[in-house]
Amino acid sequence: MKTLAALVLVGALGAMPCLGQSGQDSETLQAILVEIRGLHNDARLGQTSQILLAEMLMQQTAVSRALQKRDDLRSSVEQAQTQQKNIAAQVAQWEDRINASVDPAQKKQFAQFEDQMKSQLPMLKSQEQDRSNDLLDAEGRLTREQDALSSIQDQLNAVMKKLQPPGTP
């Protein structure tokens with residue numbers, strides 16, 4: 001019986017260091033688990049940042065196209081306005097010629113040219129209005145595309161901030 005008690009006592013004393021070691025192993029395993037989770041999170045954030053970078057590049061292309069479209073339409077509106085001014089100036093010139101002319105046949109011919117010029121004005125005004133409406137649409141689209149780009153950049157900045165080591169500004 002004494003031998004049995006001694007064996008139990010020796011076994012218990014021998015297990016004591018294991019119990020302490022088991023607590024250290026648990027802490028080590030916990031630290032490793034935290035590190036693995038951190039690496040997994042970093043990898044996921046890295047993938048997210050790559051996706052956001054690709055989206056940002058595509059969105060920048062969309063913004064560039066929308067900007068080009070807007071600029072083209074703005075130029076087109078200005079061109080239509082210039083054409084209207086030129087036609088109006090030509091109409092004024094024909095009116096001056098009609099008033100300066102004494103020959104009835106020549107007055108009639110000048111009046112015909114003036115009427116031809118005047119007949120172009122409504123069409124040019126309509127074109128200008130159509131182009132102005134298209135320009136407004138293009139400006140709205142550009143704004144939406146720029147907002148989408150800004151949103152992607154904000155998301156990317158947030159991901160990049162998460163990837164920075166703690167204490168880095």
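A residue counts as buried when its relative accessible area is under 20%. S49 comes in at 9%, so S49 is buried. Keep that cut-off in mind, since I will use it again for other residues. One caution before going on: this is a predicted model.

The overall picture first. The protein chain has two helices and zero strands. Of its 169 residues, 20% count as buried. The accessible surface is about 12,500 Å², and carbon and sulfur atoms account for 57% of that. If you take contacts between residues at least 6 apart in sequence, 82% of them join residues at least 24 apart.

Back to S49. This serine sits in helix 1, which covers residues 2-100. What does S49 touch, leaving aside its neighbours within four places in sequence? The contacts are L156, V159, M160 and L163.

Next, F110, in helix 2, residues 104-163. Its relative accessible area is 13%, so F110 is buried as well. Outside its neighbours within four places in sequence, F110 is in contact with W94, R97, I98 and S101. N99 is 11 residues from F110 in sequence, and the two C-alpha atoms are 9.7 Å apart.

On the surface, L29, I32 and I36 make a nonpolar patch of about 300 Å². L29 belongs to helix 1 and is exposed, because its relative accessibility is 57%.

Now the charged pairs. Side chains of opposite charge can pair when their charged atoms come close. The structure holds five salt bridges.

Which residue pairs with R74? The partner is E139, with the closest N and O atoms 3.3 Å apart. This pair links distant parts of the chain, R74 being in helix 1 and E139 in helix 2, 65 residues apart. R74 is partly exposed at 33%, and E139 is partly exposed at 28%.

D71 and R70 also form a salt bridge, at 2.9 Å from N to O. Is R70 buried or exposed? R70 has 16% relative accessibility, so it counts as buried. D71, at 32%, is partly exposed.

In helix 2, E145 and R141 are four residues apart, about one turn of the helix. Their salt bridge has its closest N and O atoms 3.4 Å apart. E145 is buried at 14%, whereas R141 is partly exposed at 46%. Finally, E95, E114 and K118 are joined into one network by salt bridges that share partners.

Conventions: Residues numbered from 1 in each chain as written. Predicted model: local features only at pLDDT ≥ 70, side-chain atom pairs only at ≥ 80, totals over all residues. Heavy atoms only, no water. Buried < 20%, exposed > 50% of the residue type's maximum accessible area, 1.4 Å probe, protein only. Contact = heavy atoms within 4.5 Å. Areas by Shrake-Rupley, 256 points an atom, 1.4 Å probe, with all protein chains shown as cover. Patch = residues over 30% accessible without salt bridge, like charges linked within 9 Å, V, L, I, M, F, W, Y side chains within 5 Å. Salt bridge = Lys/Arg side-chain N within 4 Å of Asp/Glu carboxyl O.
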